[in-house]
Amino acid sequence: MFSQIKSMFREQGSEPDRIGSFFQDGKLLLDRLDALPEPMSFFPTGWMTPLELQVLYNAAKYGRGDFLEIGTWIGKSSTAIALGRRDAGDWRTRKYDAVDFGFVSLTDFCSALAVGMEYAAQDEIARPVLTPGGTMAVLMENLRSRGLLDTVTSVIRGNAADVPVREHYGVVFCDATHNEAEIAVVGPMLSRALRPGSWLMCDDIHEHQHLVDALSKYVTFDFFHLLTHSDSQSKAAIGRVKATAAHKPR
Ligand SMILES: C[S@@+](CC[C@H](N)C(=O)[O-])C[C@H]1O[C@@H](n2cnc3c(N)ncnc32)[C@H](O)[C@@H]1O
């Protein structure tokens, strides 16, 4: 009966916004979040903190509509999203598109991310890039070996600015907002893919107000919660979209 009511709400596009219930006055209430269902040792290597993974897991589990991830690398964040979708149980009907440059060469890595070869040559970077099939192959194997590949609808290799994505998403996780240049690349597509009421989570944006300001040229928020307020190790932020350059508020 409950699942019938849930699917009726879903068809009408009026399900309760569960992500919103994690916040009070724009502040995240940690005790409302479900715990991660797996220990940290389950996750591939990457740059997300336990709290960031927990928020992503809950956003994927309770978010409405389709999910877009920009910047998978080899799947630490993707694993949290996939677990959330698995535990929500509706991953066959809600889409999850995962986008990354998908590097197969260290020179491409350096030029796309504006870093030097010394950085790219670190084992953590060079090993997946130089694996046959590059970082996208490692991403898919990491999801497959954890029994999660089925929960991903599309793995898209390319620049998020111009790959084919859906018209809009209920939740977007973007790990490509590290500087103003990256925000200028992904901003226009975020503006198109988000709607008022959608959720956007970004990593590595909290430290510099000028990055939040740069993002606000494309997307504004009812509130944009910086996870560093809950955990000083966390660099991510999550907010409910108020308006975008492409879409006015409801
Ligand atoms: C910090 S890493 C992501 C880490 C990952 N989320 C994790 O949990 O470990 C940033 C990723 O964003 C990707 N990226 C940056 N800008 C992009 C763009 N415009 N289009 C597609 N991918 C992009 C890079 O290729 C890189 O894999």
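Colleague: Let me start with Arg127: does it count as buried or exposed?

Modeller: Before I answer, this is a predicted model, where local features need pLDDT of at least 70 and side-chain atom pairs count only at pLDDT 80 or more, while totals for chains, interfaces and linings use all residues. Residues are numbered from 1 along each chain as its sequence is written, and side-chain values use heavy atoms, with hydrogens and water left out. Buried means under 20% relative accessible area, exposed over 50% and partly exposed in between, using a 1.4 Å probe and protein chains only. With a relative accessibility of 55%, Arg127 counts as exposed.

Colleague: Thanks! Which side chain meets that of Arg127 in a salt bridge?

Modeller: A salt bridge needs a side-chain nitrogen of Lys or Arg within 4 Å of a carboxyl oxygen of Asp or Glu. The partner sits four residues from Arg127 in helix H6 (residues 123-130), so about one helical turn separates the two; helices are DSSP runs of H or I with at least four residues, strands are E runs of at least two, and both are numbered from the N terminus. The partner is partly exposed at 49% relative accessibility. N to O, the distance is 3.1 Å, and the residue is Asp123.

Colleague: How many salt bridges does the structure hold?

Modeller: Side chains of opposite charge can pair when their charged atoms come close. Another case here is Arg86 with Asp87, whose closest N and O atoms are 2.8 Å apart. Arg86 is partly exposed at 32%, and Asp87 is partly exposed too, at 30%. Overall, the number of salt bridges is ten.

Colleague: How many residues apart are Lys235 and Asp203?

Modeller: These two form a salt bridge, with their closest N and O atoms 3.9 Å apart. The pair links distant parts of the chain: Lys235 is in the loop between strands E8 (219-226) and E9 (237-244), Asp203 is in the loop between strand E7 (199-202) and helix H9 (209-215), and the separation is 32 residues.

Colleague: Which residue is linked with Asp203 and Lys235 in a network of salt bridges?

Modeller: Asp203 and Lys235 are both buried. The residue that joins them in the network is Glu52.

Colleague: Next, Arg94: with which side chain does its own make a polar contact of 3.0 Å?

Modeller: Arg94 is in the loop between helix H3 (76-88) and strand E4 (96-100), and its relative accessible area of 7% makes it buried. A polar contact is a pair of N or O atoms within 3.5 Å; within protein, one must be able to donate a hydrogen and the other to accept it, and sequence-adjacent residues count only if both atoms are side-chain atoms. A polar atom of the Arg94 side chain also lies 2.4 Å from the backbone oxygen of Gly63. The side chain at 3.0 Å is that of Asp90.

Colleague: Finally, which residues does Gly102 contact, leaving aside neighbours within four places in sequence?

Modeller: Gly102 lies in the loop between E4 and helix H4 (106-113), and it is buried at 3% relative accessibility. Its C-alpha is 9.9 Å from that of Pro128, 26 residues away in sequence. Taking contact as heavy atoms within 4.5 Å, the residues are Thr135, Met136 and Arg157.
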